[in-house]
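This report goes through a structural model for a computational chemist. It takes up single sites, cores, pockets and confidence in turn.

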Amino acid sequence: VRWRERGSMSISSGPLRHALTWAEVWPSARAAAWVTALFVAAVWLAREYATPIQDLLSANARLGLLVFVVSSAVAVLIPVLTNLPLVPLAVLAWGPWWTAGLLLLGWVVGAALSFVLGRHARAWVLRHFPSVERHANIDRLIHPQHRLWSLVLLRMTFPVDVLSYSLGLFSRSTTLAENAISTSLG
């Protein structure tokens with residue numbers, strides 16, 4: 001193994017391998033730090049103010065449930081948003097199993113909405129970017145006889161929001177029901 005001038009490493013008999021530079025890693029590291037800080041702050045808030053939070057959510061149970069599920073759905077629709085800081089509060093209020101179920105419900109609703117938005121935007125996208133259809137043949141990734149399991153595996157491979165929009169935009173054969181079921185299973 002030899003070190004080259006940019007800090008990249010190469011095996012003497014193999015091709016040059018590009019090592020990531022700090023400038024390439026920094027945006028991901030910064031985003032990870034922010035997500036971790038938000039989660040730590042939410043855990044601290046949940047522990048520090050456990051009784052008032054439980055009282056508030058008990059007094060407004062339906063509103064709390066609605067806000068949590070809607071924020072989960074919006075986090076799927078708009079990938080730069082997250083409801084991660086609400087998870088410790090939800091676990092405190094409803095327990096881990098109810099929180100997981102509500103989170104899953106929000107993800108399924110968000111995936112269904114992004115699929116429907118993709119379906120409605122299909123004509124506009126193809127009219128303005130006709131070459132996209134040639135490159136975005138997502139149906140080739142779905143086995144015709146094992147459609148549901150192919151979609152579940154794709155769900156475990158790709159982010160839920162990206163796949164739902166892609167299926168809505170470019171899959172001619174995927175239905176909303178298949179999208180929702182594969183989201184809940186994946």
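## Val152 and the C-terminal residues

Leaving out residues up to four places away in sequence, Val152 touches Ser182, Leu185 and Gly186. The model is a predicted one. Val152 belongs to helix H7, which covers residues 147-157. Along the chain, Val152 and Ser182 are 30 residues apart, while their C-alpha atoms are 4.8 Å apart in space.

Is Val152 buried or exposed? Its relative accessible area is 6%, which is under the 20% limit, so Val152 counts as buried.

## Overall makeup

The protein has nine helices and two strands. Their order along the sequence is β-β-α-α-α-α-α-α-α-α-α, with both strands ahead of the helices.

Of the 186 residues in the protein, 31% are buried. Among contacts between residues at least 6 apart in sequence, 67% join residues at least 24 apart. The pair Val152 and Ser182, 30 residues apart in sequence, is one example of a contact across such a separation.

## Confidence

The mean pLDDT of the protein is 80, and 88% of the residues score at least 70. By element, the highest confidence is in H5, at 89, and the lowest is in strand S1 (residues 2-3), at a mean of 46.

Over residues 1-14, pLDDT stays under 50. The model has 23 contacts beyond four places in sequence for residues 1-14. Where pLDDT is low, the predicted coordinates should not be read in detail.

## Nonpolar cores

Which residues make up the largest nonpolar core? There are 11 in all: Phe115, Val125, Leu126, Ile138, Ile142, Leu151, Leu154, Leu163, Leu167, Leu169 and Phe170. Helices H5, H7 and H8 each give two or more residues to this core. H8 gives the most, with four residues.

Leu169, one of the residues of the largest core, has contacts with Gly118, Arg119, Ala121, Arg122 and Val125 when neighbours within four places in sequence are left aside. Of these partners, Val125 is itself listed in the core. Another core, of six residues, lies apart from the largest one, and Phe68, Val69, Ala90 and Leu103 are among its members.

## Largest pocket

The largest pocket has a volume of about 280 Å³. It is lined by 13 residues, and the closest to its centre are Ala75, Val76, Trp107, Val160 and Asp161. Three elements give two or more residues to this lining: helix H3 (61-77), helix H5 (96-128) and helix H8 (160-170). By class, the lining of the largest pocket consists of 10 nonpolar, two polar and one charged residues.

Ser114, in helix H5, touches two of the residues closest to the centre of the largest pocket, Val76 and Asp161. Beyond four places in sequence, the contacts of Ser114 also include Leu77, Ser164 and Tyr165. Ser114 has a relative accessible area of 0% and is therefore buried. The C-alpha atoms of Ser114 and Val74 are 9.7 Å apart, with their positions 40 residues apart in sequence counted as separation.

## Second largest pocket

What is the volume of the second largest pocket? The value is about 170 Å³. Its lining is made up of Ile53, Leu56, Leu57, Gly64, Val67, Phe68, Leu86, Leu89, Ala90 and Trp94. Helix H2 (50-59), H3 and helix H4 (86-94) each supply at least two of these residues, and H4 has the largest share, with four. Nine of the lining residues are nonpolar, one is polar and none is charged. Phe68 and Ala90 appear both in this lining and in the core of six residues.

Ser71 is placed in helix H3, one of the helices that contribute to the second largest pocket. Apart from residues up to four places away in sequence, Ser71 touches Asn83 and Leu86, and Leu86 is one of the lining residues of that pocket. Why does Ser71 count as buried? Its relative accessible area is 19%, and buried means under 20%, so Ser71 falls within the limit.

How values were computed
Residues are numbered from 1 along each chain as its sequence is written. This is a predicted model: local features need pLDDT of at least 70, side-chain atom pairs count only at pLDDT 80 or more; totals for chains, interfaces and linings use all residues. Side-chain values use heavy atoms; hydrogens and water are left out. On a 1 Å grid over the protein atoms alone, a cavity is a set of points where a 1.4 Å probe fits but cannot get out, and a pocket is an open set with protein on both sides within 12 Å along at least five of seven lines; lining residues have an atom within 4 Å of a point. Grid points are joined across faces, edges and corners, and a volume is the space filled by probe spheres set on the points. Ala, Val, Leu, Ile, Met, Phe, Trp, Tyr, Cys and Pro count as nonpolar, Asp, Glu, Lys and Arg as charged, and the others, Gly among them, as polar. pLDDT is the predictor's confidence in each residue, from 0 to 100. Contact means heavy atoms within 4.5 Å. A nonpolar core is a set of buried Ala, Val, Leu, Ile, Met, Phe, Trp, Tyr and Cys residues joined through side-chain atoms within 4.5 Å. Buried means under 20% relative accessible area, exposed over 50%, partly exposed in between (1.4 Å probe, protein chains only).
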